[in-house]
Every structure is written in structure tokens, then in C-alpha cells.
Amino acid sequence: MSVSVLPAYLEEKAVFVKERANGAYTPLVFMLAHTVVDVPFMLLQTMMSGTLVYFLVGLNPSGDRILFFFVDLFLSFMVAESIMLLVSALVPVAILGIAVGGMIFGAFMVVQGFFIKVENINWYWRWMHWIGMHTYSFSAFMHNEFSGRVFRAVPDASGGSIDARTGESVLEAYQFENVDKWSCMGVLVVMAFLYRLMAALVMHYKHTGKR
């Protein structure tokens, strides 16, 4: 969803270039103001989309798990939109930025650990697993949902039953058993900061503007 903000970011960049040329503010001030304005909208987006998904799907009903889910979702939105801020600072037109953003998010999703285990990713792509935001967002979601849970046996189509399973067995299947979900939140906070800092640096050196 965050790719869709790119046209708006490009319009804001055009305004920034003109106002910076007139000495209105610096790239750092622009980025700080942009972040302050973004947060309420991302909180609203988190609450609306998260509430619909969480309770309709029937995820872990524990109160602390619900709270963590919304924290993870909010920080995921923050990082994703920070990436798009950097993309908007680098590209001149919307169609190119949408393509670049889609490629980045698509690549991060492929190596996050859901479609293919980390150990099965070719070594020359494995580095993307560790720098991709989805790795930390998704593994934290998984750990939040499955750790400490037991799923009871249920009848199968043949009249027998499927054995009860623990949430830990699910995490082990995806190699997420050693994940510290709060450390993942720390990584997402750092990523949001770094991407916005990089966007500010690009705007500082690339978009000087003309009076």
C-alpha cells in the first residue's frame, strides 16, 4: 500500500525544492515536519486496517498480543513509507518510483522467510534477508501469534484426527524459533530513522532548487 503514496511525495518534493531555494527551511526541518504529520495518519491506518484483519481472521486473543500486533503494524508502515520517501527523493517521475518501490518490497517479501527458508536462499541473495524490513516485521508477527500456543487435535476428512501442535513447532518450521520480537521492533525503529535520514541527505545534496 505504501507505494501509492509516491505521487503525493513527489508533489511535496516539488514544493520543497522551491521553498528551500527561497530559504524557507532545510531538508532536516522538512523531514522532521513530514514525520510529525505522517504519524497520526499512519496510526489511523494501523487501527483501521489492523482491527479489520485481526478480529475477522481470529488471531491470538491475548491482550498483550493484540497490542504488540498494532505496534508491529504501525512500525511496518513507518518503515515502508520511509523507504518511499527515499525513493521519491531519488526518482524524477511517479511511474519510475512506483516500479522501484514495487521491486524493493517484492524482493524483500521473497526473502523474508515465508516463501523459502533462509538456509535455502542462494548465498548471493541471502544478504537481502537481513536488510529487508519484511524479515523483522513478519518474524515478529509470527512469534507474536504462535509462541506459547497449543492447537488442539481436530477431525480430518477421513474420520481420523490431526495431532495437536504447538506454536513453537510452527515457528521451528519457519526457523523463527529464536526470534526476539522486541529486538525486531528496535530494528524497525532504526530502519525508519535511517531511511528518513538518507532521504534528507539526498534532498540536501541533490535538490538545491532555483529561486
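1. Let me start with Phe176, which touches a varied set of residues once its neighbours within four places in sequence are left aside: Gln112, Gly113, Phe138, Ser139, Met142, His143 and Leu171. Please keep in mind while you look around that this is a predicted model. Phe176 lies in the loop between helix 7 and helix 8. Its relative accessible area is 4%, so Phe176 is buried, the cut-off being under 20%. One of its partners, Gly113, is 63 residues away in sequence, yet the two C-alpha atoms are 8.6 Å apart in space.

2. The loop that holds Phe176 has another residue to look at. Gln175 also has its place between helix 7 (167–173) and helix 8. Its phi is near 65°, a positive value, and the residue is not a glycine. Is Gln175 buried or partly exposed? With 31% relative accessibility, Gln175 counts as partly exposed, whereas Phe176 is buried.

3. Here is the overall layout, to help you find your way. The chain has 8 helices and 4 strands. Reading from the N terminus, the order of elements is α-α-α-α-α-α-β-β-β-β-α-α. The C-alpha trace spans about 75 × 40 × 30 Å along its principal axes. There are 211 residues in the chain, and 43% of them count as buried. The chain exposes about 11,900 Å², with carbon and sulfur atoms supplying 71% of that area. If you take the contacts between residues at least 6 apart in sequence, 73% of them join residues at least 24 apart.

4. Next, have a look at the start of the chain. Helix 1 (residues 6–21) packs against helix 2 (residues 27–57) at an angle of about 145°, and their axes are 11 Å apart. On the helix 1 side, the contact is made by Tyr9, Glu12, Phe16 and Arg20, and on the helix 2 side by Pro27, Phe30, His34 and Asp38. The crossing of helix 1 past helix 2 is right-handed.

5. Asp38 deserves a second look. Besides its part in the contact between helix 1 and helix 2, Asp38 forms a salt bridge with Arg196, and the closest N and O atoms are 3.3 Å apart. This pair links distant parts of the chain, since Asp38 belongs to helix 2 and Arg196 to helix 8, 158 residues apart. Are these two residues buried or exposed? Both Asp38 and Arg196 are buried.

6. How many salt bridges does the count come to? The count is 2. Apart from the Asp38 and Arg196 pair, there is one between the side chains of Glu145 and Arg149, with 2.6 Å from N to O. Glu145 is buried because its relative accessible area, 12%, is under 20%. Arg149 is partly exposed, as its relative accessible area is 22%.

7. Helix 6 (residues 133–146) holds His134. The relative accessible area of His134 is 14%, and the residue is therefore buried, the cut-off being under 20%. Not counting residues up to four places away in sequence, His134 touches Phe105, Phe108, Met109, Gln112 and Ser139. Gln112 and Ser139 will be familiar to you, being among the contacts of Phe176 as well.

8. Cys184 is a residue that a bench biochemist may want to check, and its place is in helix 8. Why does Cys184 count as buried? Its relative accessibility is 7%, and buried means under 20%. Leaving aside neighbours within four places in sequence, Cys184 is in contact with Tyr136, Ser139, Ala140 and Val179. Ser139 thus turns up again, having been listed for His134 too. Cys184 and Phe16 are 168 residues apart in sequence, and their C-alpha atoms are 33 Å apart in space.

9. Finally, turn to the surface. Val190, Phe193, Leu194, Leu197, Met198, Leu201 and Tyr205 form a nonpolar patch there, and together they have about 700 Å² of accessible area. Phe193, one of these patch residues, is found in helix 8 (residues 181–206). Phe193 is exposed because its relative accessible area, 56%, is over 50%. Helix 8 thus holds both the exposed Phe193 and the buried Cys184.

Definitions and conventions: Residues numbered from 1 in each chain as written. Predicted model: local features only at pLDDT ≥ 70, side-chain atom pairs only at ≥ 80, totals over all residues. Heavy atoms only, no water. Patch = residues over 30% accessible without salt bridge, like charges linked within 9 Å, V, L, I, M, F, W, Y side chains within 5 Å. Areas by Shrake-Rupley, 256 points an atom, 1.4 Å probe, with all protein chains shown as cover. Salt bridge = Lys/Arg side-chain N within 4 Å of Asp/Glu carboxyl O. Helix = DSSP H or I, 4+ residues; strand = E, 2+ residues; numbered from the N terminus. Buried < 20%, exposed > 50% of the residue type's maximum accessible area, 1.4 Å probe, protein only. Contact = heavy atoms within 4.5 Å. Axes fitted to C-alpha atoms, helices over the stretch in contact; angles between N-to-C directions. Left-handed = near helix turned anticlockwise from the far one by under 90°.
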